[in-house]
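Welcome! Could you walk me through this structure, step by step?

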Amino acid sequence: MMNLLLDMVQDKTSPDTLVHLAFKFLYIITKVRGHKIFLRLFPHEVADVQPVLNMISEQNPTDHETWETRYMLLLWLSVTCLIPFDLSRFDGNLGTQPGQAQMPIMDRVLQIAESYLLVSDKARDAAAVLVSKFITRPDVKQRKMASFLDWSLSTLSCSSFHAINGVIAMDGMLQALAQIFKHGKREDCLPYANIVLQCLDNCRLSESNQTLLRKLGVKLVQRLGLTFLKPKVADWRYQRGSRSLAANLQLCALAQTEQKMPVVRSDGDEDYDVPEGVESVIEQLLVGLKDRDTVVRWSAAKGIGRMAGRLPRELADDVVGSVLDCLSFQETDKAWHGGCLALAELGRRGLLLPSRLPEVVAVILRAVTYEEKRGAFSVGANVRDAACYVCWAFARAYDPQELESFVAAIASALVVASVFDRNVNCRRAASAAFQENVGRQGTFPHGIDIVTTADYFAVGNTANCFLVISVSIAGFPEYTQPMIDHLIAKKVSHWDGSIRELSAKALHKLAPRAPEYFATHVLPTLLVMALSPDLHTRHGAILACAEVTYALYKLAAQRGRTVTDYLDEKVVQSLKQIHQQLSGRHLYRGLGGQLMRQAVCVLIENLSLSRMPFKGDPVIDAWQWLIDDTLRSLHLVSSQSRQQVKDSAVLALAALCNEYYQKEPREASPAVQEVLIPRYLVELQSPEEMVRCGFASALGALPGFLLRGRLRQVLEGLSAVTRISPQDVSFAEARKDSLRAIARICQTVGVKAEAAPDEAVCRQNVAQVYTTLLACMGDYTTDSRGDMGAWVREAAMSSLMDLTLLLAQTQPELIEAHTCERVMCCVAQQASEKIDRFRAHAAHVFLTLLHSDSSPVPHVPHRRELEALLPRSEVSSVNWNAPSQAFPRITQLLGLPTYRYHVLLGLAVSVGGLTESTVKHSTQSLFEYMKGVQQDPQALGSFTGTLLQVFEDNLLNDRRVVPLGRVSVSLLKMLDHMLANGCFDIFTREENHPFCVKLLALCKEEIKKSKNTQKLRSSITVLCGMVQFCGDVRKKVLLQLMLLLCHPFPVIRKTTASQVYEMVLTYSGVVSADTLDEVMAVLSDTVWDAELPVVRQQRNRLCDLLGVPQPQLVPKLLYSRIRSMYI
């Protein structure tokens, strides 16, 4: 590929555009493979020097469209400059034009390189490569190196990083100098090193805001430092020797045949003099370790490693000490990150001697868990990641016996990081470091088992790490207590709420691994933390207390004991007093109040489930007050936390009632029942929506023994919440929660056909429940959030499914035929509507009722046909969220008379919707069905009759309180699609077909006195489509269109004229050939948004041409009638 592109470039007949295109493709290859590898593939013969030089000379440096060409030519020139001949030989064979002096090749190359070091595009990088190759040539360095360095240093000194031009110039100079000192020989560069270092110090690059400049400055500094020091391999560095994984794992006998790696000894004396500039270089590199950008710190860390490898042992050890100073808690997270990177580089190169390991390991173990809170977030993820890199490097650098005394600490730290770190990259880094240590060291306890459990993919999910992997690893006793201690010390008080909750759940899972330790050490520590002044610590500690107590209860129950056998009296009393102490300190108020309420509700739930001996204790009333007050204050809780707080309070109430409000088994305490339920029913009438939500959910969570005797009151109270009134039309969430509560109550009290209506779901109240649920299937309320009624419809569908399945399993005779028909039809309508998520949910409900496994639902209309159209295999295989899969199946229900009306009503909303994919697939599916019934007059007549019935039932419904007007415009759009697609062509053969007459009457009624421009526009397209029908209907349609041509709204007049123009072109029989041109001229030339008298004259002219009677002005008796009448 490269040769083909270069052939195009070298072909002199290739046009410039082709050459530039070829260089663009070459640049793409360079980006993929890297320019260092790519350079070797360029032609670099002597014959290539002059052509490449000529080509780059002809380029325009300011042309931003061809920068790839210049970039590649500069790289190519850098390769051709490496020819082993003196460049002056080229000058003797070059002819000159008369009167002109030819510049030597050496000067031309240098001039080009210098000019491109100052450009703003990518060519600047290639120019730096060219300079490094060119200046270091033996013949060039003698003549040009000093002058080029003078020029570059003067340019660097004169440039300022505060201006963009100065940044560009400094970038080019720094790149060139760094490359020269990297590729040049030490003896050639050493004379200039001090001067360059002094100039660099004067530039004060550390104060620049440009990351790239600071990085290049650090890079150049380390190259200068390496120039000061003799190139050698320190003989004092640590040599591990064999690094065979197989030998470490003892998988084969290679350990006996390993060869010790030869140690390269330095030739010079260990105590040679260190140049003065080295100290300044190391100081700047140490400052670079604390830079605010990662790339700068990484470059400085590599520089520290390279420099230390050439220093005497004592000086290198001083450098290590300076690096360790970066890892103190007085330093920022940037310094910690840079220090970890530097330690990793030093360890990887064998420059961190074993004598330093105790100090280094202690610091790295702190870095593995380093995290510093900053407001609503924290910093330190990069530090933890770098600390894992240090552990990874140590595994490769040291023999197992050197790290033997640190194995337990490092292994525990890496396991904790790989399981409990918040950041997924840190978890994966820790997992990789642990795996490397298992392979290289072979001394980590249970290494293989943990590596297979906590691999790269397994640690990707946070919840899986906390709740599954941690439990598995805790089975190894070496890691159990370190994991528990880390959760208590770091994660229970973490700033992220989700981490605190996961930590509490993880402690619940870990409690069976060390129950005595949890009872004697963990719980007392958590109880102290539960009263901490720090909000996050209190929240996490209370959650952890709740989870640990419940875990100990379950463990005790398995052994036939009580939870108090694990807990001493002091702990039990402390748990009981948490609420009183928080309430006494007013910690339920303010910004942290919602966290405290949620945590204490979880505590109440878990203590109740743990059957703590508090029955009859005053704390129960205090807990009940907190739950009620929390539900009553939900509207004051932030919207992000509201659902969680509500769920916690409801679950706490259910557990509290089950444990402490039973007088006898399955018998409620009369005092509680008489007070609690009436109080909750009163709260259902609250003017605050969230209060209604909370107490509706609370009623749904009550146990059966509290509901018995009060069931009728509760169901009536919840049913009242589901009814829409002008005052609470926007309370969709309250209606949703009430519906869910009704379904849950029905499942709680059970079904008994002949029971009293206050005791269970029975023959007397089942119809009332169904009526409430079915009424909510028509909730289409909207507000600024959109279709809020969709939440209510979703809850209604779920509740209908739960109730119907419950009745089918217990008392199927309570399901009446007409009730089942209404349920199935309403759900089928939702399954054909436009919102993907709710359509999928409706399909799930429909198929579940149809294919009920346990007990078939009786009286399902057309069951056999439905099972054939929607077989059981499609329950899981079809993606009902996808319109392309859903609508071809749901439109098949149009062939079933029972479902046709509701499915057509739902399709009208989908076909006339706005979402492209929904409109496309619903329309295609409808057209496919219509194509199948075109030859069946009876089926087509039945379909059109149902269509007209849907239209008639939804006439003018946009003027109702509940916004069902969504159907009107969508239905008109669907009719337009059907008319344009020829779905009713069979009716065009008969004059004044009843369908056409009825449709025209409905359209006239729908737009009568309407000011809805969207509806009027949709009706215009329908009327234009109806012109294809013959007989008097056509005349009446044209008359209606003529009326709209003089509508009071100019936009309607213009739309009508445009649509009529298209109609005349589409349907040839509407206008006679004699008058066609004149009609078209009137429609196109008239300014229809002009004054009405002018427009009326042209409209009347059109009426004469079309043979339609001119509309007559009606005497206007009232001003209000004037404004509402069409002219």
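The questions and answers below look at a surface patch, a buried residue, a helix pair and some salt bridges.

Q: What kind of model is this, and how are residues numbered?
A: This is a predicted model, where local features need pLDDT of at least 70, side-chain atom pairs count only at pLDDT 80 or more, and totals for chains, interfaces and linings use all residues. Side-chain values use heavy atoms, leaving out hydrogens and water, and residues are numbered from 1 along each chain as its sequence is written.

Q: Which helix gives the most residues to the nonpolar patch made by Met-8, Leu-18, Leu-21, Phe-25, Ile-28 and Val-32?
A: Together these residues make a nonpolar surface patch of about 540 Å². Patches take residues with over 30% relative accessible area and no salt bridge, joining like charges within 9 Å and nonpolar side chains (Val, Leu, Ile, Met, Phe, Trp, Tyr) within 5 Å; accessible areas come from the Shrake-Rupley method with a 1.4 Å probe, and for residues only the protein chains shown count as cover. Met-8 lies in helix α1 (residues 2–10), helices being DSSP runs (H or I, at least four residues) numbered from the N terminus. With five residues, the most comes from helix α2 (residues 16–33).

Q: Is Ala-300 buried or exposed?
A: Ala-300 sits in helix α16 (residues 294–308). Buried means under 20% relative accessible area, exposed over 50%, and partly exposed in between (1.4 Å probe, protein chains only). The relative accessible area of Ala-300 is 0%, so this residue is buried.

Q: Which residues does Ala-300 contact, leaving aside its neighbours within four places in sequence?
A: Contact means heavy atoms within 4.5 Å. With those neighbours left aside, the contacts of Ala-300 are Val-218, Leu-285, Gly-288 and Leu-289.

Q: At what angle do helix α22 and helix α23 pack?
A: Two packed helices are described by the angle between their axes and the distance between the axes. Axes are lines fitted to C-alpha atoms, for helices over the stretch in contact, and angles run from 0 to 180 degrees between N-to-C directions. Residues including Ala-411 and Leu-414 in α22 meet residues including Arg-427 and Ala-430 in α23. The axes of α22 (residues 407–420) and α23 (residues 424–440) are 7 Å apart, and the angle is about 145 degrees.

Q: How many salt bridges are there?
A: Side chains of opposite charge can pair when their charged atoms come close. A salt bridge is a side-chain nitrogen of Lys or Arg within 4 Å of a carboxyl oxygen of Asp or Glu. By this rule the count is 41.

Q: Which residues are linked with Asp-333 and Lys-334 in a network of salt bridges?
A: Asp-333 and Lys-334 form a salt bridge, with their closest N and O atoms 3.5 Å apart. Asp-333 is buried at 4% relative accessible area, while Lys-334 is partly exposed at 24%. The residues linked with them in the network are Glu-372 and Arg-374.

Q: How many residues apart are Glu-794 and Arg-837?
A: Glu-794 and Arg-837 form a salt bridge, their closest N and O atoms being 3.2 Å apart. The pair links distant parts of the chain, from helix α40 (residues 789–810) to helix α42 (residues 836–850), and the residues apart number 43.

Q: How far apart are the closest N and O atoms of Arg-839 and Asp-836?
A: Both residues, Arg-839 and Asp-836, lie in helix α42, about one turn apart. Arg-839 is buried at 0% relative accessibility, whereas Asp-836 is partly exposed at 29%. In their salt bridge, the closest N and O atoms are separated by 2.6 Å.

Key:
Helix = DSSP H or I, 4+ residues; strand = E, 2+ residues; numbered from the N terminus.
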